[in-house]
Amino acid sequence: STPERGAPPRIRACGMAAPDGLKHASYKITGDPRRSDGEPNSSVKMTCARSNFRAVGWKEDDFRKPIVTIAAPYSNSMPCNNQFRDLADILAEEVERLGGKAHLCFTPVISDGQSQGCRAMRYSLTSRELITDCIETMHEGYHADAIITLGGCDKSVPAAVMPLARQDLIGLSLFGGPALPGLHP
């Protein structure tokens, strides 16, 4: 049904952690306080998962926030993707500022420009599927509620978009910017 004119929106743009917000799938891993103690995915059943999250710095409030995967094919060895670690950190800060809990996922990425003419080229062509599979594995394995992916080359751009389509995910994919030229002494 369409809300009446002038009615307040159900979900505020900055309110990811609102009760009717994005937090749905991640209750399966953080524990759902609405479930009875003996039920699957109840807070009691997911105590071990929460203890592991606490071991990496999660606070009690974080378990009520939607988990947002920030996925980036990253390598410091290629100009198409070498800025993605910094961009992922910026995105993670914004997700947290807006009330979500960022879940960083970095994947391998191979440059065909660097690997052509040698045996390494055989890995470049298959890396698109590997990137996609890595993103899906990390996102689905942590029952994240939404996803933001970064892409920057002819393999990582489609690889970053494919998980959203294959899994019908809530999310978006961003182009990480052009490869910058190197400097010659």
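**Helix H5 and its surroundings**

The buried residues of helix H5 pack against a whole set of neighbours: strands S1, S2 (101-107) and S3 (146-151), along with helices H4 (112-115) and H6 (156-167). This comes from a predicted model, numbered from 1 along the chain. The residues of H5 that end up buried are Ser 124, Ser 127, Ile 131, Thr 132, Ile 135, Glu 136 and His 139. So the list isn't just isoleucines: serines, a threonine, a glutamate and a histidine are in there too, and they count as buried because each has under 20% relative accessible area.

H5 itself covers residues 121-141. With 21 residues at 1.5 Å a residue, the helix should span 30 Å, and its end C-alpha atoms do sit 30 Å apart, so expectation and model agree. That doesn't make H5 straight, though: there's a bend of about 50° at Ser 127, and Ser 127 is also one of the buried residues of the helix. After H5 comes His 143, which has a positive phi, near 50°.

Stepping back to the chain as a whole, the model has six helices and four strands. Read from the N terminus, they come in the order α-α-β-α-β-α-α-β-α-β. The chain has 185 residues, and 40% of them are buried. As for how the chain folds back on itself, take the contacts between residues at least 6 apart in sequence: 64% of these link residues at least 24 apart. The accessible surface adds up to about 11,100 Å², and carbon and sulfur atoms account for 57% of that.

Away from H5, Asp 62 is worth a look. This aspartate sits in the loop that runs between helix H2 (47-55) and strand S1 (67-73). Despite being in a loop, Asp 62 has a relative accessible area of 5%, so it counts as buried. Leaving aside residues up to four places away in sequence, Asp 62 touches Gly 57 and Lys 101.

Phe 175 goes the other way. This phenylalanine belongs to strand S4 (residues 171-175), and its relative accessibility is 56%, so it counts as exposed. On the surface, Phe 175 joins Val 157 and Val 161 in a nonpolar patch, and the three together offer about 260 Å² of accessible area.

Terms used. Predicted model: local features only at pLDDT ≥ 70, side-chain atom pairs only at ≥ 80, totals over all residues. Heavy atoms only, no water. Patch = residues over 30% accessible without salt bridge, like charges linked within 9 Å, V, L, I, M, F, W, Y side chains within 5 Å. Areas by Shrake-Rupley, 256 points an atom, 1.4 Å probe, with all protein chains shown as cover. Salt bridge = Lys/Arg side-chain N within 4 Å of Asp/Glu carboxyl O. Helix = DSSP H or I, 4+ residues; strand = E, 2+ residues; numbered from the N terminus. Buried < 20%, exposed > 50% of the residue type's maximum accessible area, 1.4 Å probe, protein only. Contact = heavy atoms within 4.5 Å. Expected span 1.5 Å × (residues − 1). Bend = angle between axes of the 7 residues up to and from the residue.
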